[in-house]
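User: I would like to go through this model step by step, beginning with how far it can be trusted and then turning to its fold and its core.

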Amino acid sequence: MAEDVLDPVGDDWRQTHLGRLLGHALRRFDARVLQLMARSVEAPLALSNLAAREQVSAAHVHLTRHLSPAGDRITDLAARAGMAKQSMAALIDQCEAWGLVTREADPHDARARRVRYTPLGLAWREAFRLAVAQAQAEFRAEVGEEVATVVALGLEAYAGGDGAPA
């Protein structure tokens, strides 16, 4: 009875609210993408071995999602990924050590460096693209084409919003 006084609406909302469900879905999706990359014949062998040993994390997926083929400045990458510049720089250091990316002088700003994919990194990016396509196809098969379409449209609308209440 005392619990009802402290929390009259119950506790279920904490486990089933949209933010929690989105977080679980994202973690599941990313885990599946990494699992597919670990088994990918398109992924460079050393990198698929790192994925298989769970050395590749969601942070590495962030870099792969946000680094354009033309290359980007670290500050721009960090902003797009929602990471601190220092965290992104550490991630780039690791990816550079693995041979995925290289840093070059920025032709427009002598103080800045641009991060670009290496040929190995481009192969990794392609394996990532294929793994994402496979994970999306699995999602569609699991929830049905109509639900998958509605979810995608809803998430696009919500993610594109400015966050202000209507």
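User: What is the mean pLDDT of the chain?

Analyst: This is a predicted model, and confidence therefore has to be read per residue, as pLDDT on a scale from 0 to 100. In this chain 81% of the residues reach 70 or more. Over the whole chain, the mean pLDDT is 83.

User: Which element has the highest mean pLDDT, and which the lowest?

Analyst: Among the elements of the chain, the lowest mean, 56, belongs to helix H1, which covers residues 2-6. At the other extreme, with a mean pLDDT of 93, stands helix H9, residues 145-160. The highest is thus found in H9, and the lowest in H1.

User: How many helices and strands does the chain have, and in what order do the elements run?

Analyst: The secondary structure comes to 9 helices and 3 strands. Read from the N terminus on, the order of these elements is α-α-α-α-α-β-α-α-β-β-α-α.

User: What is the strand order of the sheet, and which strands lie at its edges?

Analyst: The 3 strands form an open sheet with antiparallel pairing, in the order E1-E3-E2. Pairing on one side only marks the edge strands, which are E1 (72-73) and E2. Helix H7 packs on this sheet and touches E2 and E3, its direction making about 120° with that of E2. The order is E1-E3-E2, and the edges are E1 and E2.

User: Over how many bridges does E2 pair with E3, and how many join E1 to E3?

Analyst: E2 (residues 101-106) and E3 form a hairpin with 2 residues between them, and within this pairing Asp-106 has Asp-109 as its bridge partner, while Val-101 is bridged to Tyr-117. On the E1 side, Asp-72 is partnered with Val-115 and Arg-73 with Arg-114. The antiparallel pairing of E2 with E3 extends over 6 bridges, whereas the number joining E1 to E3, also antiparallel, is 2.

User: Which element supplies the largest share of the largest nonpolar core?

Analyst: This core has 27 residues, of which Leu-63, Met-88, Ile-92 and Val-101 touch the most other members. At least two residues each come from H3 (18-38), H5 (58-66), H6 (74-81), H7 (85-97), E3 (109-117) and H8 (119-143). The largest share, 6 residues, is that of H8.

User: Which residues does Val-101 touch, leaving aside those up to four places away in sequence?

Analyst: Val-101 is one of the core residues that touch the most other members, and its bridge partner in E3 is Tyr-117. Setting aside residues up to four places away in sequence, the contacts of Val-101 are Leu-63, Leu-67, Ile-92, Cys-95, Glu-96, Val-115, Arg-116, Tyr-117 and Thr-118.

User: Why does Phe-29 count as partly exposed?

Analyst: Phe-29 has its place in helix H3, where it touches Val-132, Ala-135 and Gln-136, not counting residues up to four places away in sequence. Buried means under 20% relative accessible area and exposed over 50%. Phe-29 falls in between and is therefore partly exposed, because its relative accessible area is 24%.

User: How far apart in space are Phe-29 and Phe-139, C-alpha to C-alpha?

Analyst: In sequence, 110 residues separate Phe-29 from Phe-139. For the chain as a whole, 52% of the contacts between residues at least 6 apart in sequence join residues at least 24 apart. The C-alpha to C-alpha distance between Phe-29 and Phe-139 is 8.6 Å.

Note on methods. Residues numbered from 1 in each chain as written. Predicted model: local features only at pLDDT ≥ 70, side-chain atom pairs only at ≥ 80, totals over all residues. Heavy atoms only, no water. Core = buried A, V, L, I, M, F, W, Y, C linked by side-chain atoms within 4.5 Å. Buried < 20%, exposed > 50% of the residue type's maximum accessible area, 1.4 Å probe, protein only. Helix = DSSP H or I, 4+ residues; strand = E, 2+ residues; numbered from the N terminus. Contact = heavy atoms within 4.5 Å. pLDDT = per-residue confidence, 0-100. Pairing = 2+ DSSP bridges. Axes fitted to C-alpha atoms, helices over the stretch in contact; angles between N-to-C directions.
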